[in-house]
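Visitor: Please take a close look at one part of this model, the contact between oppositely charged side chains, and then connect that part with what lies around it and elsewhere along the chain.

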Amino acid sequence: MSVIFSLADFFNVPVSMMTALIASTLIGLTSGMLGSFIVLRRLSLMGDALSHAVLPGVAISYLLGLPMMIGATFFGVLAAALIEFITKKSTIKTDSSIGIILSSFFALGVILISKAQSGTDLNHILFGNVLAVTPQELLQSLIILVVVLALVIVFYQGFFISSFDPVIAQSYGINTNFYHYLLMVLLTIFTVSALSQVGIVMVIALLVTPAATMYLWVKNLKQMMIGASLLGVLMGVLGVFVSFNYDLPTSSTIVLVGAVFFIVSFIFSPKNNFIRRKETIVS
C-alpha cells in the first residue's frame with residue numbers, strides 16, 4: 001500500500017485515482033491478449049456468458065465461506081463445457097447455446113445472491129468499484145497478467161493455428177480441445193478476478209472493444225494482441241482521468257472511451273474501408 005501512496009504523491013493525484021489507474025492498466029493488458037483470441041474465434045459472447053455464469057459460484061463460495069475464485073472458476077468452466085457440449089451434440093448454433101447457458105446461470109446466481117443476504121459485498125462483485133480496489137486485488141491482477149502472458153508465449157503456435165483454422169490445426173495433430181478449454185479457464189479466472197474490481201459491463205467491454213478495434217487496423221495476431229493490450233490501457237487511463245475531471249462514473253466512462261475508439265476506427269480504418277464503400281455506393 002505504501003507504494004501506491006508514494007506513486008500518488010509523486011504524480012500528485014488522489015490515492016483512489018492511482019489505484020484505479022493501476023487496476024485499469026493491469027486488467028487492460030490482460031484483456032487485450034485474451035480478447036484477441038475470443039474475437040478471432042468469434043466467441044465474443046463467451047466473455048459475456050462467463051461473466052454472468054460465474055455468479056452462482058460467487059454466491060455459493062460466499063455461503064460456504066470458500067475463496068470466491070474456487071466456486072466462480074468451477075462454474076465458469078462448467079458453463080464453457082456445457083456450451084461446447086450443446087453445440088456439438090445438437091444442431092443448435094453456438095450463439096443460441098451461449099444465450100441458454102448465460103440466462104440460466106445468471107438466474108441461478110440471482111436466486112442464490114438473494115438467499116446469501118449479503119447485498120453489499122455481492123453488489124460490489126456484480127457492479128465493481130474501480131476506485132476501491134485493494135492492494136491484494138492489484139497483486140492478484142498482476143499474477144494473472146504474468147500467468148496469461150507466460151502461457152500465451154509458451155502455447156502461441158497452438159493458439160494461433162487453432163484460432164484461425166481448427167480443421168488445419170487438427171490435421172497437424174494439434175489438440176484443439178486443449179487450447180479451447182485452456183483459453184476458457186484463463187478467461188474465467190480473468191473474469192472472476194476483474195469482476196469485483198470493474199464489474200460485468202467493463203469486463204465485457206475490455207475483452208471485446210480493444211481487440212475488435214485493433215482487428216480493423218492490423219494484419220497479424222501479434223500486432224493485434226499488442227495493440228489491443230495497449231488500447232485497453234489507454235481506455236482505462238483516459239477513462240479514469242475524464243471521470244475524475246467531470247465527476248462521472250469511472251467504469252462507465254472507460255467503456256464509452258473504448259466505444260469512441262471503435263467508432264473512429266470503424267469509419268476511418270483502411271482495412272474496413274467504410275468511407276470508400278459509401279462513396280462507391282453513391283457514385
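**A salt bridge and its surroundings**

Guide: Glu-84 and Lys-88 are joined by a salt bridge, in which the closest N and O atoms lie 3.4 Å apart. The model is a predicted one, and the count of salt bridges in it comes to one. Both residues belong to helix H5, which covers residues 68–88, and because they are four residues apart there, about one helical turn separates them. The two partners differ in their exposure: Glu-84 has a relative accessible area of 18% and is therefore classed as buried, given that the limit for this class is under 20%, whereas Lys-88 reaches 52% and so counts as exposed, the limit for that class being over 50%.

Helix H5 also holds Ile-83, which is buried at 2% relative accessibility. From Ile-83 one can step across to Thr-30, for although these two residues are 53 positions apart along the chain, what can be stated in space is a C-alpha separation of 24 Å. Thr-30 leads on to another feature, since this residue is among those lining the largest cavity, together with Leu-26, Ile-27, Ser-141, Ile-144, Phe-190, Ser-193 and Ala-194. Helix H2 (15–40), helix H8 (135–154) and helix H11 (176–215) are the elements that each give two or more residues to that lining. The volume of this cavity is about 40 Å³, and one cavity of 30 Å³ or more is counted in the model. In chemical terms, five of the lining residues are nonpolar and three are polar, while none is charged.

Two of the helices that line the cavity can be followed further. In helix H11 lies Ala-212, a residue that counts as buried at 19% relative accessibility, and its C-alpha atom is 6.6 Å from that of Val-39, even though the two positions lie 173 residues apart in chain numbering. In helix H8 lies Leu-139, which is partly exposed, with a relative accessible area of 49%. Leu-139 takes part in a nonpolar surface patch along with Leu-142, Ile-143, Val-146 and Val-147, and the accessible area of these residues together is about 430 Å². Its 49% satisfies the requirement for patch residues, which is a relative accessible area of over 30%.

Towards the start of the chain, helix H1 contains Leu-7, which is partly exposed at 31% relative accessibility. Leu-7 and Met-18 are eleven residues apart in sequence, and their C-alpha atoms are 7.3 Å apart in space. The loop that connects helix H1 (2–11) with helix H2 holds Asn-12, a residue other than glycine whose phi is nonetheless positive, near 55°. Asn-12 is exposed, its relative accessibility being 70%.

A backbone value of this kind appears again at Asp-247, where phi is near 55° and the residue is likewise not a glycine. Asp-247 sits in the loop between helix H12 (221–246) and helix H13 (250–268), and with a relative accessible area of 71% this residue is exposed.

To return to the part that was asked about, the salt bridge pairs Glu-84 with Lys-88, of which Glu-84 is buried and Lys-88 is exposed, whereas the lining of the largest cavity includes no charged residue.

Conventions: Residues numbered from 1 in each chain as written. Predicted model: local features only at pLDDT ≥ 70, side-chain atom pairs only at ≥ 80, totals over all residues. Heavy atoms only, no water. 1 Å grid on protein atoms, 1.4 Å probe; cavity = no way out; pocket = protein on both sides within 12 Å on 5 of 7 lines; lining within 4 Å. Points joined across faces, edges and corners; volume = space filled by probe spheres on them. Nonpolar A, V, L, I, M, F, W, Y, C, P; charged D, E, K, R; others polar. Patch = residues over 30% accessible without salt bridge, like charges linked within 9 Å, V, L, I, M, F, W, Y side chains within 5 Å. Areas by Shrake-Rupley, 256 points an atom, 1.4 Å probe, with all protein chains shown as cover. Salt bridge = Lys/Arg side-chain N within 4 Å of Asp/Glu carboxyl O. Buried < 20%, exposed > 50% of the residue type's maximum accessible area, 1.4 Å probe, protein only.
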